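Me: I am new to reading protein models and would like to take a close look at one part of this one. Could you walk me through it slowly, and then show me what else is worth seeing?

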Amino acid sequence: MANGVAHDLSKLLSSEERDFLIRNNGDQVKVSSLVGKIVGLYFSGSWCGPCRRFTPKLLELYEELASKGNFEVVFISSDKDDESFKEYFSEMPWLAIPFTDLETRKRLKELFKVRGIPNLVIIDENGHVSTEQGTRIVMEYGVDGYPFNVERINFLKEEEEAAKQNQTLSSILVSSSRDYLVSNDGNRVPVSELEGKLVGLYFSMNYHGPCREFTPKLVEVYKKLKEKGQDFEIVLISLDHDDEQFKEGFETMPWLALPFNDKSIEKLLRYFELQTLPTLVIIGPDGKTLNPNVAELIEEHGIEAYPFTPEKLIELAEIEKAKLEAQTLESLLVYGDKDFVIEKNGSKVPVSELVGKTILLYFSAHWCPPCRAFLPKLIKTYNDIRATNNAFEVVFISSDHDQSAFDEFYSGMPWLALPFGDERKKSLQRKFKVQGIPTVIAISPSGRTLTTTARQLIGDYGVDAYPFTEEHLKRLEEIATLKKNEETKEPPKAKEGNVCDGDVCRKA
């Protein structure tokens with residue numbers, strides 16, 4: 001909605017039969033009493049999970065602004081029935097459009113183009129729309145975003161940029177109401193005690209699978225560094241939804257944390273532009289950000305990634321390059337006494353028997369529809385290649401949830417596999433940065449990685465993608481380009497008196 005349009009609140013929120021709004025106790029409040037105030041139109045519904053999580057944050061902001069006297073919220077319900085509306089509205093101290101006034105509720109949703117909830121539209125004292133992004137602003141800035149206009153948000157952004165230029169550990173972790181962190185036994189530790197140390201800010205969520213897998217590794221690294229006397233600390237920034245989840249995860253961690261649901265958390269998410277979980281931001285002894293996320297480095301290198309400096313990263317990159325050049329099939333598939341893959345009958349096939357062959361590592365699972373859709377194409381490609389060349393094999397690496405699902409899915413495959421639940425799967429996923437399935441990695445007869453996009457190549461070319469070498473794939477692309485160019489060429493025009501139909505010409 002354009003900021004230039006001035007809305008008359010009395011007309012906007014009223015109907016022909018009604019000139020009032022309601023409170024959750026049934027009291028009526030004249031719409032005209034809102035004129036000259038900043039008003040948030042809150043489109044929400046009790047059935048909506050994100051709305052349920054946002055409403056307490058809006059309630060907290062509302063109570064903080066109550067003393068100003070010029071801010072009000074009007075609830076526009078998306079509930080399906082009056083009972084649900086009343087139950088949800090009972091939690092709200094602000095006003096609402098009566099649930100019975102469906103026409104006004106529908107009109108407002110259409111006027112402000114509400115496509116999803118929660119949605120908070122802010123209207124200023126003059127009836128202009130300050131922002132239609134009120135939900136995001138409240139989540140990111142809280143009461144600091146008041147009065148929620150462009151000027152205020154731009155000011156806050158400039159302030160944040162200036163803060164980054166002058167960043168210290170205290171400017172990141174200390175708030176107006178708190179200058180301490182907490183330990184998992186309930187003690188308070190002043191942030192000042194961490195000044196001058198290397199500090200990791202650990203953004204995590206206890207019930208998030210990758211976080212649950214990463215936390216024990218981080219604990220191991222942390223304890224080893226402490227044993228070596230290193231000045232390294234970690235601060236948990238929990239994104240858990242409730243205090244019980246927070247406590248369950250925090251009790252396994254030997255470091256400090258921001259208090260659960262601390263107001264600074266939303267600010268830190270925005271400040272560090274969080275993209276993924278887990279994330280471990282490293283703050284140097286000078287209080288500046290040294291590295292935006294070293295979680296992957298710790299996954300791959302453990303304690304050897306410390307102290308996460310640019311020089312250390314260059315050193316690790318050289319190590320990785322050397323490993324890549326020295327990569328063999330055994331270095332990929334042999335781990336301790338795990339030096340075999342299996343056939344469907346459970347027989348063990350030594351990895352050594354696969355050396356010298358082109359190998360496809362097939363990451364897949366029965367529960368995954370795209371995997372099931374891709375499988376027949378891969379089977380046909382496998383059989384076509386094997387019909388003329390036995391120096392080719394596929395190894396299935398399962399992401400199934402249980403042995404029976406693995407067995408059922410694997411029973412339809414003509415190749416080899418890692419045993420279900422094999423620990424080698426995690427290291428292979430990490431090495432090849434497998435983010436989704438199905439994924440197919442092609443390994444050359446020498447053990448080097450040919451391509452990590454073999455799934456797409458098989459989808460495009462089938463058996464012709466073999467042997468997946470760079471030179472071969474380049475030729476396929478050249479052929480495809482020539483074919484495309486030929487198809488887009490205009491056909492030669494027939495001489496007058498002749499008619500051409502496709503590739504056949506005849507006299508008219």
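What covers the buried residues of H3?

Reply: Happy to help! Keep in mind that this is a predicted model. The cover over the buried residues of H3 includes strand S1 (20–22), strand S3 (38–44), H2, strand S4 (71–77) and strand S5 (95–96).

Let's look at the helix itself. H3 runs over residues 82–89, and Phe85, Tyr88 and Phe89 are buried in it. If you look down the axis of H3, these buried residues fall within an arc of 95 degrees, so they line one face of the helix. There is a simple general reason for such patterns: an α-helix has 3.6 residues a turn, so residues three or four places apart point the same way. Now turn to the face of H3 that points away from the buried side: there you will find the exposed residues Glu83, Lys86 and Glu87. One more detail sits at the N-terminal end of H3, which is capped by aspartate 81. A side-chain oxygen of aspartate 81 lies 3.2 Å from the backbone nitrogen of glutamate 83.

H2, which helps to cover the buried residues of H3, leads us to the pockets. Rolling a probe the size of a water molecule over the atoms shows where empty space is left. The largest pocket has a volume of about 1,400 Å³, and 42 residues line it. Nearest its centre lie Met139, Asp262, Lys263, Ser264 and Glu266. Helices H2 (49–65), H5 (134–141), H6 (150–165), H7 (169–173) and H10 (264–271) are the elements that give two or more residues to this lining. The largest share, eight residues, comes from H2. Sorted by class, the lining of the largest pocket has 18 nonpolar, ten polar and 14 charged residues.

The second largest pocket has a volume of about 1,000 Å³. Of the 32 residues that line it, Pro210, Glu213, Glu299, Gln429 and Val434 are the closest to its centre. At least two lining residues each come from helix H8 (209–227), helix H11 (295–301), strand S18 (392–398) and helix H16 (424–431). H8 gives the most to this lining, with five residues. By class, the second largest pocket is lined by eleven nonpolar, nine polar and twelve charged residues.

Next, try following the backbone. Most residues other than glycine have a negative phi, and most peptide bonds are trans. Here are some places to compare with that rule. Asparagine 261 is not a glycine, yet has a positive phi of about 60 degrees. You will find asparagine 261 in the loop between strand S12 (256–257) and H10, and its 53% relative accessibility makes it count as exposed. Phenylalanine 308 also has a positive phi, near 65 degrees, and sits in the loop between H11 and H12. At 1% relative accessibility, however, phenylalanine 308 counts as buried.

For peptide bonds, look at leucine 277 and proline 278, which are joined by a cis bond with omega of about -5 degrees. Proline 278 belongs to the loop between H10 and strand S13 (279–283). The bond from isoleucine 437 to proline 438 is cis too, with omega near 0 degrees. Proline 438 lies in the loop between H16 and strand S20 (439–443).

Let's finish with some single residues. Glutamine 245 is part of helix H9 (residues 243–250). Its relative accessibility is 12%, and buried means under 20%, so glutamine 245 counts as buried. Leaving aside neighbours within four places in sequence, glutamine 245 is in contact with Asn206, Tyr207 and Asp240. Alanine 417, in strand S19 (residues 416–417), counts as buried at 0% relative accessibility. Not counting residues up to four places away in sequence, alanine 417 touches Val341, Ile342, Val395, Phe396, Phe406 and Tyr410.

You can also use alanine 417 to get a sense of distance. The C-alpha atoms of alanine 417 and aspartate 262 are separated by 47 Å, with the two residues 155 places apart along the chain. Aspartate 262 is one of the residues nearest the centre of the largest pocket. For another pair, take isoleucine 319 in helix H12 (residues 310–325), which counts as partly exposed at 35% relative accessibility. Isoleucine 319 and threonine 135 are 184 residues apart in sequence and 46 Å apart in space, C-alpha to C-alpha.

Methods. Residues are numbered from 1 along each chain as its sequence is written. This is a predicted model: local features need pLDDT of at least 70, side-chain atom pairs count only at pLDDT 80 or more; totals for chains, interfaces and linings use all residues. Side-chain values use heavy atoms; hydrogens and water are left out. On a 1 Å grid over the protein atoms alone, a cavity is a set of points where a 1.4 Å probe fits but cannot get out, and a pocket is an open set with protein on both sides within 12 Å along at least five of seven lines; lining residues have an atom within 4 Å of a point. Grid points are joined across faces, edges and corners, and a volume is the space filled by probe spheres set on the points. Helices (H or I, at least four residues) and strands (E, at least two) are DSSP runs, numbered from the N terminus. Ala, Val, Leu, Ile, Met, Phe, Trp, Tyr, Cys and Pro count as nonpolar, Asp, Glu, Lys and Arg as charged, and the others, Gly among them, as polar. Buried means under 20% relative accessible area, exposed over 50%, partly exposed in between (1.4 Å probe, protein chains only). The arc is that of the directions from the helix axis to the C-beta atoms. Contact means heavy atoms within 4.5 Å. A polar contact is a pair of N or O atoms within 3.5 Å; within protein, one must be able to donate a hydrogen and the other to accept it, and residues adjacent in sequence count only if both atoms are side-chain atoms.
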